[in-house]
Amino acid sequence: MIEKGKISEVQATFMVAGFIFGSAVLITPAGIAGRDAWFAETLGLIEGMGFALAYAQLVQRFPGKTLMEINEEVFGKVFGFMMSLFFLVYLFHLNSMIDTNYLDFIKLTILPATPAAIVVFFGVLPCIYTAKRGVEVIARVGQILFIMLVLFISVLTMLLVTKLDFSNLKPFLTTPLPKLLWAAHVSGNFPFLETVSFLMILPFMANPKKAKPTFLSGLAIGGVILILIVTRTTLLLGDSTPMYVYPAFHSTRLVNLGNVLSRLEVITAISFLMMGFFKMTVLLYGTSLGCAQLFRCQSYQPFVIPLGILTALISLVNFHSVSENLTFINQAYPLYALPFGIILPVLALTVAGIRKLPRKG
Amino acid sequence: MALMALTLIFSALIEFPRMIARKAWKELSVFSVLTILGLILIFLISFSNYDVPFIGSSIARLIQGMFPFIKHVGQ
């Protein structure tokens, strides 16, 4: 076995929750539903739970095996190799897109004069370092970062309580139904469907039989926090929410406690960057491990640096501008992610069921 | 870009002897392909001054062309 580390159920739950939070809160894909974004996000979470059930079922059916190994067992050597390669390309490109999201965020809000290559390079370095240390280190980092994140969000929300305007939620459900359903589907795909990458992580749980409750509780915790933040943003910004590229970030600019405690958006930026780092680390680890398993190598660690640098390079040439990035997320991504996030795992589960795999003995 | 190229080169200098000592030829070949790909990309992006086909944008245009209805619901 290439990876010998084991993670506990609590660690896996925190990992899934933290992964969901990374980058989705930055862009708020359900934002196209306007003031009904919270409702669209809730529908998205329900849709995501459906995907998660399929992923967890796959992990429980093939305990200790990653998607690469499952594909080979279910589809055979040649077809399984092709399926795994497609999935790896998706993981790799997804990582580069998350990197692009953070690059745009940093360039637009914090470091506008710094060259993009410098930002992505120094962004990807800690991910490379952590991914090389293995799944146990990633899990511990995720645990610590998620606790910090909850603390930051709680403090900021408490400071913003007086500015929450509940009339911003009214009138309720005025978004046209197709648009609302599409917004729900977009948020179901980004970030909930992306948890398909945990098919490379969850097999290393100390008790893979508990994958389903662990995965679902992680998804629920991350999803509920995401819904709360989307609702908080709508309550603070109202109808002007869709005008901002990063509404959750801009909404925390409203914190002002007696002109002393203000400009606290930096705390939001730090928490976004923390979770972005974590999400990119999980994806980089998944890609490197998948690459090693696909080509039957003894170790995944040598591939972390070249794959990390390649991710950084691709993130530089993903989109012309932030608006193109947003267009991709809101319009193309739900269809782009469909084969990798839904069709591939469901097909693997169906074929395994028909062929009565895994065979005992 | 130079920093990225240097990272790739130094990681190759560190990893190559290790892989040769372990006789991990498959690892060596995959690692070489990834490193060379990285160096080629650095070369292409640097010398074209970012005038390359943007991957995400191209995928978005392709999907929008195949499914025109998403332009209306996704705005």
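Here are four short exercises with worked solutions on the two-chain predicted model shown above.

**Exercise 1. Following helix α6 of chain A**

Work out whether the end-to-end distance of helix α6(A) agrees or disagrees with the span expected from its residues, then find what its buried residues pack against.

*Solution.*
- Step 1: Helix α6 of chain A covers residues 116-133, which is 18 residues.
- Step 2: At 1.5 Å a residue the helix should span 26 Å, and its end C-alpha atoms are 27 Å apart, so the two values agree.
- Step 3: Look at which residues are hidden. Among the buried residues of α6(A) are F121(A), V124(A), I128(A) and K132(A).
- Step 4: Within chain A, the buried residues of this helix pack against α5, α7, α11 and α12, and they also pack against α1 (2-22) of chain B.
- Step 5: Just past the helix, G134(A) has a positive phi of about 105°.

**Exercise 2. Where the two chains meet**

Describe the contact between chain B and chain A: how many residues does each chain give, and which charged pair forms a salt bridge?

*Solution.*
- Step 1: Chain B gives 40 residues to the contact, and chain A gives 40 residues too.
- Step 2: Together the chains bury about 3,500 Å², with 76% of that area on carbon and sulfur atoms.
- Step 3: Now turn to the polar side of the story. Nine residue pairs are in polar contact between the chains, and one salt bridge is found across the interface.
- Step 4: That salt bridge joins K132(A) to E15(B), with the closest N and O atoms 3.3 Å apart.
- Step 5: On the side of chain B that touches chain A, α1, α2, α3 and α4 of chain B each supply at least two residues. The largest share, 11 residues, comes from α2(B).
- Step 6: Sorted by type, the residues on this side of chain B are 25 nonpolar, nine polar and six charged.

**Exercise 3. A buried serine**

Decide whether S96(A) is buried or exposed, and find which backbone oxygen lies by its side chain.

*Solution.*
- Step 1: S96(A) sits in helix α5 of chain A.
- Step 2: Its relative accessible area is 0%; buried means under 20%, so S96(A) is buried.
- Step 3: A polar atom of the S96(A) side chain lies 2.7 Å from the backbone oxygen of H93(A).
- Step 4: Setting aside residues up to four places away in sequence, S96(A) touches T311(A), I314(A), S315(A) and N318(A).

**Exercise 4. Salt bridges across the sequence**

Trace three salt bridges within chain A, and say where their partners lie.

*Solution.*
- Step 1: The whole structure holds 10 salt bridges over all chains.
- Step 2: D239(A) and R35(A) form one of them, at 2.6 Å from N to O. These partners are 204 residues apart, D239(A) in the loop between α9 and α10 and R35(A) in the loop between α2 and α3 of chain A. D239(A) is exposed at 54% relative accessibility, whereas R35(A) is buried at 18%.
- Step 3: R296(A) meets E72(A), with the closest N and O atoms 2.9 Å apart. R296(A) is in the loop between α11 and α12 and E72(A) is in helix α4 of chain A, so the bridge ties together parts 224 residues apart in sequence.
- Step 4: R253(A) pairs with E265(A) at 3.2 Å. The first partner, R253(A), lies in the loop between α10 and β1, and E265(A) lies in helix α11 of chain A. R253(A) is partly exposed at 38%, while E265(A) is buried at 6%.

Note on methods: Residues are numbered from 1 along each chain as its sequence is written. Chains are lettered from A and ligands numbered from 1 in the order in which they are written. This is a predicted model: local features need pLDDT of at least 70, side-chain atom pairs count only at pLDDT 80 or more; totals for chains, interfaces and linings use all residues. Side-chain values use heavy atoms; hydrogens and water are left out. Helices (H or I, at least four residues) and strands (E, at least two) are DSSP runs, numbered from the N terminus. The expected span of a helix is 1.5 Å times one less than its number of residues. Buried means under 20% relative accessible area, exposed over 50%, partly exposed in between (1.4 Å probe, protein chains only). Contact means heavy atoms within 4.5 Å. Buried area is the accessible area (1.4 Å probe) that two parts lose on being put together, summed over both. A salt bridge is a side-chain nitrogen of Lys or Arg within 4 Å of a carboxyl oxygen of Asp or Glu. A polar contact is a pair of N or O atoms within 3.5 Å; within protein, one must be able to donate a hydrogen and the other to accept it, and residues adjacent in sequence count only if both atoms are side-chain atoms. Ala, Val, Leu, Ile, Met, Phe, Trp, Tyr, Cys and Pro count as nonpolar, Asp, Glu, Lys and Arg as charged, and the others, Gly among them, as polar.
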